[in-house]
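Me: I would like to go through this model with you, one question at a time. Please give the reasoning before each result.

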Amino acid sequence: MAVKLMLHPRNQHREGYDFERLFLKSPELEAFITRNPRGQMTINFQDVGAVRLLNRALLMTHYEIDFWDIPAAYLCPPIPGRVDYIHYLADLLAVSNDQEIPHGSDIKVLDIGTGASLVYPLTGQHEYGWDFTGVDIDPVSIKSARQICERNRLNIKLKRQSKAEDIFESVVGPDDSFHLTLCNPPFHASLARAEEGTRRKWRNLGKGQSAELNFGGQNAELWCPGGEIGFIARMIEQSMNFADQCLWFTCLVSKKDNLKPLSRLLKKAKVAEFQVVEMAQGQKTSRFIAWTFYPEGQRSL
């Protein structure tokens, strides 16, 4: 297997998918295997069912998850890219911890839009032992995430956000404090744009047309008024009210063109520091922004 040098050095999936190992945990995955032009095993990533089985096998094999399932048509995110975000967040915290990667439940993390898959808490808790709180506006997602926790006997707190316009209000209590917030925001401004984005992606990859979103997804997972930049702009504005309750606020940014206006908003918010952390994963380049209201001398863990 060729090493995927672009993934984070601690990412378990740098060497690609070890399908023979995955079959041991999830034999049903073998029925979905195809061969690429080089003769290597792969799956059809336009097949939502195949992607779901691959995710289940990865979580069972690499993250000690015994049960994982999500409702039909809900977002089924690719594990390698999602766990890369977790590893880069660990590096961010290490800067305030004498360059040591922090482990253990003393590290508190808030996952905004945790989703039915609960992918960030599952992988982050396994890799670093952090204490996660997952928040979502969708009751079906919360129900699914709770079932995953219960079936795997995991201690992950889950909260329902009842107001679409709020991000931190009502889910961050006056006595709560976090070292990190993380978020994979809705990327599109409407469902039509989400569908067109998927069609454009498959055309660019030479895969033709796809009748459905390749990783599934419900409305709140894929789009919101104002799209990605509108959502993150609200997050930045609302983070000012919780400036002393979180060390680092962070959020994925899929569209590079959004970085300049978001940078202006962060300067306007008078943050102490903000960073753009690049993450390159195969053909895709991703990134997240991180900002803090804490002066550098007050960031020790």
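Me: In this predicted model, which residue offers its backbone oxygen at 3.5 Å from a polar atom of the side chain of Gln161?
Reply: Gln161 sits in the loop that connects strand E5 (157–160) with strand E6 (178–183). Its side chain reaches the backbone oxygen of Glu169 at 3.0 Å, and a polar atom of that side chain also lies 3.5 Å from the backbone oxygen of a further residue, Asp166.

Me: Is Gln161 buried or exposed, and what is its relative accessible area?
Reply: Leaving aside residues up to four places away in sequence, Gln161 touches Val135, Asp136 and Ile137, among others, and also residues including Phe168, Ser170 and Val171. The cut-off for a buried residue is a relative accessible area under 20%. Gln161 therefore counts as buried, since its relative accessible area is 3%.

Me: How many of the 10 residues of helix H4 are buried?
Reply: Helix H4 covers residues 119–128, and its buried residues include Val119, Tyr120, Pro121 and Leu122 as well as the polar Thr123, Gln125 and Glu127. The helix is largely enclosed by the rest of the structure, because the number of its residues that are buried is 9.

Me: Which residue just after H4 takes a positive phi?
Reply: The buried residues of H4 include Gly124 and Tyr128. Just after this helix, a positive phi of about 70° is taken by Gly129.

Me: How many disulfides does a search of the whole structure find, and why do Cys183 and Cys251 not form a bond?
Reply: Cys183 is buried at a relative accessible area of 1%, and Cys251 is buried as well, at 0%. The closest cysteine sulfur to that of Cys183 is in Cys251, and the 4.0 Å between them is too far for a bond, because a disulfide requires the two sulfur atoms to be within 2.5 Å. Seen from Cys251, the closest cysteine sulfur is likewise that of Cys183, at 4.0 Å. For the whole structure, the number of disulfides found is 0.

Me: Which helix gives the most residues to the largest nonpolar core?
Reply: The largest nonpolar core has 53 residues, and those with the most contacts inside it are Leu29, Trp130 and Phe288. With 9 residues, the element that gives the most to this core is helix H3 (residues 79–94), so named by its place from the N terminus.

Me: How many residues are in the second, separate core?
Reply: Beside the largest core of 53 residues, there is a second one, separate from it, whose members include Val172, Phe231, Cys246 and Leu262. The number of residues in this second core is 27.

Me: Which side chain is joined to that of His13 by a polar contact of 2.9 Å?
Reply: His13 is found in the segment before helix H1 (19–25), and at 1% relative accessibility it counts as buried. Its C-alpha atom is separated by 9.4 Å from that of Asp84, which lies 71 residues apart from His13 along the chain. The polar contact of 2.9 Å joins the side chain of His13 to that of Tyr63.

Me: What share of the contacts with a separation of 6 or more comes from residues 24 or more positions apart?
Reply: The secondary structure comes to 9 helices and 9 strands, and 53% of the 301 residues count as buried. Among contacts with a separation of 6 or more, the share from residues 24 or more positions apart is 67%.

Key: Residues are numbered from 1 along each chain as its sequence is written. This is a predicted model: local features need pLDDT of at least 70, side-chain atom pairs count only at pLDDT 80 or more; totals for chains, interfaces and linings use all residues. Side-chain values use heavy atoms; hydrogens and water are left out. Helices (H or I, at least four residues) and strands (E, at least two) are DSSP runs, numbered from the N terminus. Buried means under 20% relative accessible area, exposed over 50%, partly exposed in between (1.4 Å probe, protein chains only). A polar contact is a pair of N or O atoms within 3.5 Å; within protein, one must be able to donate a hydrogen and the other to accept it, and residues adjacent in sequence count only if both atoms are side-chain atoms. Contact means heavy atoms within 4.5 Å. A nonpolar core is a set of buried Ala, Val, Leu, Ile, Met, Phe, Trp, Tyr and Cys residues joined through side-chain atoms within 4.5 Å.
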